[in-house]
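Welcome! Open the model in your viewer, keep the selection tool handy, and follow along stop by stop.

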Amino acid sequence: MVPINKLLLENKAWASGKLTDDPEYFERLSHLQTPEFLWIGCSDSRVPANEITGTQPGEIFVHRNVANLVIHTDVNLLSVLDYAVNHLNVKHVIVCGHYGCGGVKAAMTNHDYKYVLNMWLRNIKDVYRLHRAELDSIEDEETRVNRLTELNVREQLMNLAKTSIIQRAWRKEQRPHLHGWVYGLKNGIINPVFQMGPDTHIDPIYEYDDL
Ligand code: CO
């Protein structure tokens with residue numbers, strides 16, 4: 001077990017290491033936030049956005065929640081999306097799930113996780129229902145979990161595309177591109193599974209014509 005004080009000691013060591021390499025590092029970063037990427041990832045401690053993409057502080061704007069969901073009543077996520085798209089002008093939004101996701105696995109059971117977890121996981125159950133025929137035909141459980149993880153990422157891209165935030169930016173500025181990725185816990189490799197560009201059309205019932 002790591003004692004909590006160790007985090008603060010490691011932080012001091014990290015900060016002084018950065019200054020040794022580049023004395024202006026923090027001074028420069030403190031005046032500048034111009035990330036080109038918004039990352040919507042799983043809260044899972046094994047999927048740290050910067051580390052697995054080799055990016056530095058300042059390069060990725062990050063939002064994480066259980067099973068990387070885009071829920072239209074989630075004010076937290078929508079605030080992050082609004083700020084990233086309309087103020088930081090990000091060029092890419094990445095929804096990154098990961099194989100072996102505990103949230104996805106939990107949603108595939110019939111266990112009562114009580115209260116808010118049931119509410120949250122229900123969104124993944126909805127994705128399962130939309131793809132029941134394909135998923136039910138997969139016999140191996142791990143393969144089924146992993147396929148639902150991919151389909152879940154695609155559904156979250158669809159949820160992004162349903163927002164007026166994304167539709168307005170697509171129409172007026174031809175950005176951002178949406179990317180659905182799934183990270184492999186067992187090999188450290190990101191699998192890019194879906195993407196949507198500014199010319200994408202989704203089901204017309206979701207498209208706003210007076211943006
Ligand atoms: Co997860």
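Select H98 to begin: in this predicted model, H98 is buried, with a relative accessible area of 1%. Now show the cobalt ion as a sphere. Which protein atoms are its donors? They are SG of C42, NE2 of H98 and SG of C101, at 2.0 to 2.3 Å from the ion. Read along the chain, these donors follow the spacing C-x55-H-x2-C. Color strands β1 (residues 37-42) and β3 (residues 92-98) next: C42 lies in β1 and H98 in β3, so the pair ties together parts that are 56 residues apart in sequence. Click on C42 as well; its relative accessibility is 6%, so C42 counts as buried.

From C42, move on to N68, since the two touch. Look for N68 in the loop that runs between β2 (60-65) and α4 (75-86). Is N68 buried or exposed? With 2% relative accessibility, N68 counts as buried. Leaving aside residues up to four places away in sequence, the contacts of N68 include I40, G41, V95, C96, G97, N152, V153 and Q156.

For the last stop, turn to the largest pocket, which holds about 210 Å³ of space. Select its lining: K105, A107, M108, T109, N110, K125, Y128, R132, E141, R144 and V145. The elements giving two or more residues to this lining are α5 (102-107), α6 (115-130) and α8 (141-161). The largest share, 3 residues, comes from α8. Try coloring the lining by residue type: 4 residues are nonpolar, 2 polar and 5 charged.

Definitions and conventions:
Residues numbered from 1 in each chain as written. Predicted model: local features only at pLDDT ≥ 70, side-chain atom pairs only at ≥ 80, totals over all residues. Heavy atoms only, no water. Helix = DSSP H or I, 4+ residues; strand = E, 2+ residues; numbered from the N terminus. Buried < 20%, exposed > 50% of the residue type's maximum accessible area, 1.4 Å probe, protein only. Contact = heavy atoms within 4.5 Å. Donors = N, O, S within 2.8 Å, 3.2 Å for Na, K, Ca; no water. 1 Å grid on protein atoms, 1.4 Å probe; cavity = no way out; pocket = protein on both sides within 12 Å on 5 of 7 lines; lining within 4 Å. Points joined across faces, edges and corners; volume = space filled by probe spheres on them. Nonpolar A, V, L, I, M, F, W, Y, C, P; charged D, E, K, R; others polar.
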